[in-house]
Amino acid sequence: MVAELLKLGSFILELLRLCILLVLTLLVLGWAERLIYQLIFGQPVYNWSMGFGNLLLFFMLYRNHFQFKGWYKSEKNQKLTLLTTRVITVISIGLIILPLGLG
């Protein structure tokens, strides 16, 4: 009973940590992208594709790094395969630079 409550508590803490990391990562990446696009074009550019690319980058970072540094430990935690990591990275970078081709 106590072990189950401790596991539930660590899961809730990890979920809170995940939300905070997600918000911080999206804010930092969005700010950096707007700054770079403002330097290039003279005006900030933000598109839905950039947000989706940032979400993919966060997913890849969480699965390969952040999940192993948190409170919730499980034997099911695995890194993404190298091929999956590369595919997600290429797709997310493509989505982030997509506004260059559109605008």
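**Reading the labels on a helical model**

Mentor: In this predicted model, the protein carries 9 positive and 4 negative side chains, and the centres of the two sets lie 8 Å apart.

Trainee: What makes a side chain count as positive or negative here?

Mentor: Lys and Arg count as positive, whereas Asp and Glu count as negative, and with that rule the protein comes to 9 of the one kind and 4 of the other.

Trainee: Which helices and strands does the protein have?

Mentor: There are three helices and zero strands, so that, read along the sequence, the pattern is α-α-α. A run must hold at least four residues to be called a helix, and helix α3, for example, covers residues 82-102.

Trainee: How do you know how the protein compares with a compact globule?

Mentor: A compact globule of 103 residues would have a radius of gyration near 13 Å, but the value for the protein is 17 Å. The C-alpha trace, taken along its principal axes, spans about 60 × 25 × 15 Å.

Trainee: Why is F58 called buried or exposed?

Mentor: The relative accessible area of F58 is 6%, and buried means under 20%, so F58 is buried. F66 has a relative accessible area of 19%, which is also under 20%, and therefore F66 is called buried too. Across the protein, 30% of the 103 residues count as buried.

Trainee: What makes I97 buried, exposed or partly exposed?

Mentor: I97, which lies in helix α3, has a relative accessible area of 44%. Buried means under 20% and exposed means over 50%, so I97, in between, is partly exposed. The C-alpha atoms of I97 and G53 are separated by 9.2 Å, although these residues are 44 apart along the chain.

Trainee: How many aromatic pairs are there in the whole structure, and why is the pair of F58 and F66 called stacked, edge-to-face or tilted?

Mentor: A search of the whole structure finds two aromatic pairs. The ring centres of F58 and F66 are 6.4 Å apart, and rings pair if their centres lie within 6.5 Å, so these two rings form a pair. Their planes stand at 35°, while stacked requires under 30 degrees and edge-to-face over 60, and therefore the pair is tilted. Ring pairs also link F58, Y62 and F66 into a cluster.

Trainee: What share of the contacts with a separation of 6 or more comes from residues 24 or more positions apart?

Mentor: Such residues account for 67% of those contacts in the protein, where contact means heavy atoms within 4.5 Å.

Definitions and conventions. Residues numbered from 1 in each chain as written. Predicted model: local features only at pLDDT ≥ 70, side-chain atom pairs only at ≥ 80, totals over all residues. Heavy atoms only, no water. Helix = DSSP H or I, 4+ residues; strand = E, 2+ residues; numbered from the N terminus. Rg over C-alpha atoms; globule rule 2.2 N^0.38 Å. Buried < 20%, exposed > 50% of the residue type's maximum accessible area, 1.4 Å probe, protein only. Charge placed at Lys NZ, Arg CZ, Asp CG, Glu CD. Phe/Tyr/Trp six-rings, centres within 6.5 Å; stacked < 30°, edge-to-face > 60°.
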